[in-house]
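Trainee: I am new to this structure and would be grateful for a close look at a single part of it. Please choose one helix and explain how it is placed among its neighbours.

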Amino acid sequence: MKASKLTARGLAYVLRAIGRKIAKHHRAKQTPHGKQSVKKLMAHGASASSIELSGDTKLFDRVARKWNVDYAFYKTGPDKYLLFFKAGQADAMIACFSEYSRKVLNKSKSRRIPIRDQLKRASKQLTQEQPRPKERVQEVAHADR
């Protein structure tokens, strides 16, 4: 009876291992979505288009996740990228890119002054002010001491 329990346990272990292997194979066959490498994007089999992008890629990532776009960045220079995307998703990409460009423009129009600039202005203002001479006043001593 004890030997049959071991066999049942061994059989359950083998079945779980087979299930894990099948699931791994299934995940490998699925096409990735969202941000990925250019090589993976080209391997989807669909034609791809590209747009030049300069600036913040993190901001684009946030917007692209919202629109469920498959895309890849290729760095061409310092702070310059080629943005590849599937040609079949051109409509979603246009909407995504218009939202991204609107956010970039609003970010540049921000009226807030950065803290570093505020500190520089304050330090310049302090250096321009003439230091006041310190007045030393001696306290009157009490007579009963």
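Mentor: The following account takes up helix 4, beginning with the chain as a whole and then turning to the helix and the elements around it.

The model is a predicted one. Its chain has five helices and three strands, and these elements follow one another from the N terminus as α-α-β-α-β-β-α-α. The C-alpha trace spans about 110 × 60 × 25 Å along its principal axes. The radius of gyration of the chain is 33 Å, whereas a compact globule of 145 residues would have one near 15 Å. Of the 145 residues, 18% count as buried. Among contacts between residues at least 6 apart in sequence, 67% join residues at least 24 apart.

Helix 4 comprises 19 residues, 90-108. At 1.5 Å a residue the helix should span 27 Å, and its end C-alpha atoms are indeed 27 Å apart, so expectation and model agree.

Which residues of helix 4 are buried? They are Met93, Cys96, Glu99 and Tyr100. Because these residues cover an arc of only 130° around the axis, they lie on the same side of helix 4. On the other side of the helix, Asp91, Ile94 and Ser108 are exposed.

The buried residues of helix 4 pack against three elements: strand 1 (48-54), helix 3 (57-67) and strand 3 (80-86). Two of these partners, strand 1 and strand 3, belong to an open sheet of three strands in the order 1-3-2, with antiparallel pairing. Strand 1 and strand 2 (71-77) are the edge strands, each pairing on one side only. On average, neighbouring strands of this sheet are turned by 25° against each other, direction ignored.

The two strands that helix 4 packs against are also joined to each other: seven bridges connect strand 1 to strand 3, and the two run antiparallel. One pair can be named here, since a reader may wish to locate it: Ile51 has Leu83 in strand 3 as its bridge partner.

How does helix 4 run relative to strand 3? Helix 4 lies across strand 1 and strand 3, at about 145° to strand 3. Helix 3, the remaining packing partner, lies across strand 2 and strand 3 and runs at about 165° to strand 2.

In summary, helix 4 has its buried residues on the same side, packed against strand 1, helix 3 and strand 3, while Asp91, Ile94 and Ser108 are exposed on the other side.

Conventions
Residues numbered from 1 in each chain as written. Predicted model: local features only at pLDDT ≥ 70, side-chain atom pairs only at ≥ 80, totals over all residues. Heavy atoms only, no water. Helix = DSSP H or I, 4+ residues; strand = E, 2+ residues; numbered from the N terminus. Expected span 1.5 Å × (residues − 1). Buried < 20%, exposed > 50% of the residue type's maximum accessible area, 1.4 Å probe, protein only. Arc of directions from axis to C-beta. Contact = heavy atoms within 4.5 Å. Axes fitted to C-alpha atoms, helices over the stretch in contact; angles between N-to-C directions. Rg over C-alpha atoms; globule rule 2.2 N^0.38 Å.
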